[in-house]
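Got the viewer open and a selection box ready? Let's take a walk through this one, stop by stop.

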Amino acid sequence: MWLRVRRFIRANTDCPRRTFIEQAPGLTRRHSWTTERLRSTMDTLTLALAGRAGAHIAAHFGIATHRNNLLRRVMDLPDPAPTERRSIGVDDFALHGGHVHDTVITDAVTHRVLDLLPERAGAYVEAADAAASQAQQVADCFHLRQNIANSVKRTVTGHRS
């Protein structure tokens with residue numbers, strides 16, 4: 001597809017930009033090699049698959065792209081508009097073979113990551129009580145089992161003699 005647009009030349013010599021090119025709203029974007037429709041298709045594909053899988057499926061649609069281009073598209077997309085959080089999840093996870101613990105905060109409804117904290121924040125209950133005393137706190141099955149196992153272990157160890 002070829003699109004013919006007008007090029008405007010600025011007569012003012014004080015302006016650093018000498019030429020301006022007409023844009024077709026909804027069809028073109030400055031400094032872009034793709035149409036808005038192709039850009040939208042690639043954004044949707046990138047959010048669903050990203051990386052190698054996205055490039056592989058794009059090739060089946062006749063879209064020539066590289067996995068790095070798709071990953072760059074994900075980084076270029078604007079962040080979603082913030083919404084009111086009704087319920088959040090706070091948990092710690094291990095990096096580097098279980099030696100470094102970080103904290104992840106998620107939206108418990110959409111399961112999207114809201115923030116990553118660089119250190120382990122073990123005092124979740126006290127912090128939640130201080131920040132929102134009316135909030136209902138719920139533990140997941142893993143931590144319930146872990147707490148029960150630790151309690152049983154302490155009890156058995158205390159009565160071992």
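The tour starts with the whole chain, moves into one helix and its surroundings, and finishes at the surface.

**Stop 1: the whole chain.** Keep in mind that this is a predicted model. Colour by secondary structure and you should find five helices and five strands. Trace the chain from its start and the order reads β-β-α-α-α-β-β-β-α-α. Now switch on a surface: about 13700 Å² is exposed, with carbon and sulfur atoms supplying 57% of that area. Of the 161 residues, 14% count as buried. As for contacts, take the ones between residues at least 6 apart in sequence: 19% of these join residues at least 24 apart.

**Stop 2: helix 1.** Select residues 36-48, which make up helix 1. Its 13 residues span 18 Å from first C-alpha to last, close to the 18 Å expected at 1.5 Å a residue. Which residues of this helix are buried? Show the side chains of Glu36, Arg39, Met42, Asp43, Leu45 and Thr46, and you have them. The spacing is worth a thought: an α-helix has 3.6 residues a turn, so residues three or four places apart point the same way. To see what lies over the buried residues of helix 1, add helix 2 (51-60) and helix 3, which are among the elements covering them. Before leaving, click on Ala50, just after helix 1, where phi is positive at about 55°.

**Stop 3: Arg73.** Next, select helix 3, residues 67-76, and pick out Arg73 within it. Is Arg73 buried or exposed? Arg73 counts as buried because its relative accessibility is 14%, and the cut-off for buried is under 20%. Put a distance label between the side chains of Arg73 and Asp43: they make a polar contact of 3.4 Å. Then expand the selection around Arg73, skipping neighbours within four places in sequence, and you'll pick up Thr34, Arg39, Met42, Asp43 and Thr46. You've met some of these names already: Arg39, Met42, Asp43 and Thr46 are among the buried residues of helix 1.

**Stop 4: a nonpolar patch.** Finally, head for the surface and select Leu3, Val5, Ile21 and Leu27, which together make a nonpolar patch of about 290 Å². Zoom in on Val5, which sits in the segment before strand 1 (7-9). Val5 counts as partly exposed because its relative accessibility is 36%, and that class runs between 20% and 50%.

Note on methods: Residues are numbered from 1 along each chain as its sequence is written. This is a predicted model: local features need pLDDT of at least 70, side-chain atom pairs count only at pLDDT 80 or more; totals for chains, interfaces and linings use all residues. Side-chain values use heavy atoms; hydrogens and water are left out. Patches are made of residues with over 30% relative accessible area and no salt bridge: like charges are joined within 9 Å, nonpolar side chains (Val, Leu, Ile, Met, Phe, Trp, Tyr) within 5 Å. Accessible areas come from the Shrake-Rupley method with a 1.4 Å probe; for residues, only the protein chains shown count as cover. A salt bridge is a side-chain nitrogen of Lys or Arg within 4 Å of a carboxyl oxygen of Asp or Glu. Helices (H or I, at least four residues) and strands (E, at least two) are DSSP runs, numbered from the N terminus. Buried means under 20% relative accessible area, exposed over 50%, partly exposed in between (1.4 Å probe, protein chains only). Contact means heavy atoms within 4.5 Å. A polar contact is a pair of N or O atoms within 3.5 Å; within protein, one must be able to donate a hydrogen and the other to accept it, and residues adjacent in sequence count only if both atoms are side-chain atoms. The expected span of a helix is 1.5 Å times one less than its number of residues.
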